[in-house]
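Biologist: I am new to this one. Show me the model, and then I will ask how you know what you say about it.

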Amino acid sequence: MMGLRNSFVLCLALMLSFSSAIHCIDITKTLGQYPEFTTFNKYLTETKLVEQINSAKAVTILAVEDKDLAFLSGKPIDDIKTVIGTNVITEFYDEKKLLEAIGSQVELPTLSPASGLAAKIKVQLINEGEVTFSSAVPGSKPDTFLVRTVTTEAEVVSVLKVDKPIVTVDASTTSGVTGTPSVAETPKSSVADAPAPSASSRATFGFIVAVMAFASIFVSL
């Protein structure tokens, strides 16, 4: 009987480990499969945004090609973090969910260290069905375009390619966004918005609770 219990406990531990592994994010490895995002991937590591991404339950990366990040070369690390962080949504969005977000006009939370609306972005549909992104700060232009879906991973990771970084307008000025990306001087916040649990994460949690309840009953026999 004792041997059966030990076998069951070992099986339970393996099941829990497997469930956790399913939802483990390794964004460096994911982006590493696409050479055009080498600089973007490097900046995620240098700004330590990679740590926040890998510990999240769900994330959407608005990835930018290396050539479109040249303007960040030599910039202070805090400025780079603001730009790159604005291109990381702390929830899962594939193209279908983006269209739903357009309909609800929701503001999407990002890993930008800025505060208030400067840490959020909006998604819009313009021209003949083109999906665009912009800062949620009033006066921001929707001029960052969705190019294509790069990859998605089970309601946990979505990597979407965009044509350039999302630019945040300085809310303290009345000037619009220029054609050259710039970094808004906005107050910094030490805490990023928490990512919302995905549907698959909630389902897995429920499954784990059920298995643990069954295990406790079995062991007490």
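Modeller: Start at the hairpin of β6 and β7, in a predicted model. Three residues lie between the two strands. One of them to look at is Ala 154, with a positive phi near 45°.

Biologist: How do you know that β6 and β7 pair, and in which sense do they run?

Modeller: Two strands pair if DSSP finds at least two bridges between them. Six bridges join β6 (residues 144-153) to β7, so the pair qualifies by that rule. The strands run antiparallel. Thr 152 stands opposite Ser 158 of β7.

Biologist: Which strand pairs with β7 in the parallel sense?

Modeller: That is β1, over five bridges. Val 59 has Val 157 of β7 as its bridge partner.

Biologist: What makes β7 largely enclosed?

Modeller: Buried means under 20% relative accessible area. Six of the six residues of β7 (residues 157-162) are buried, so the rest of the structure largely encloses the strand. Val 157, Val 159 and Lys 161 point one way. Ser 158, Leu 160 and Val 162 point the other way. In a regular strand, side chains alternate between the two faces of the sheet.

Biologist: Why are β2 and β3 called edge strands?

Modeller: The open sheet has seven strands in the order β2-β1-β7-β6-β5-β4-β3, with mixed pairing. β2 and β3 (108-109) each have a single partner strand, so one side of each lacks a neighbour in the sheet. For β2, the pairing with β1 is antiparallel, over two bridges. There Thr 60 stands opposite Ile 89 of β2.

Biologist: Which helix packs on the sheet, touching β3, β4, β5, β6 and β7?

Modeller: Helix α6 (residues 95-104) does. Its direction makes about 90° with that of β4.

Biologist: Now the helices. Why is α3 called oblique to α5?

Modeller: Their axes come within 10 Å and cross at roughly 120°. Roughly perpendicular ends at 115 degrees, and roughly antiparallel starts over 145. The angle falls between those limits, so α3 is oblique to α5. The crossing is left-handed.

Biologist: Which residues make the contact of α3 and α5?

Modeller: Phe 40, Tyr 43, Leu 44 and Glu 46 come from α3. Ile 77, Ile 80 and Ile 84 come from α5. By class, six are nonpolar, none is polar and one is charged.

Biologist: What covers the buried residues of α3?

Modeller: The cover includes α2, α4, β1, α5 and β2. Thr 39, Phe 40, Asn 41, Tyr 43 and Leu 44 are the buried ones. Just after α3, Lys 48 takes a positive phi of about 65°.

Technical notes: Residues numbered from 1 in each chain as written. Predicted model: local features only at pLDDT ≥ 70, side-chain atom pairs only at ≥ 80, totals over all residues. Heavy atoms only, no water. Buried < 20%, exposed > 50% of the residue type's maximum accessible area, 1.4 Å probe, protein only. Helix = DSSP H or I, 4+ residues; strand = E, 2+ residues; numbered from the N terminus. Contact = heavy atoms within 4.5 Å. Axes fitted to C-alpha atoms, helices over the stretch in contact; angles between N-to-C directions. Parallel < 35°, antiparallel > 145°, perpendicular 65-115°, else oblique. Left-handed = near helix turned anticlockwise from the far one by under 90°. Nonpolar A, V, L, I, M, F, W, Y, C, P; charged D, E, K, R; others polar.
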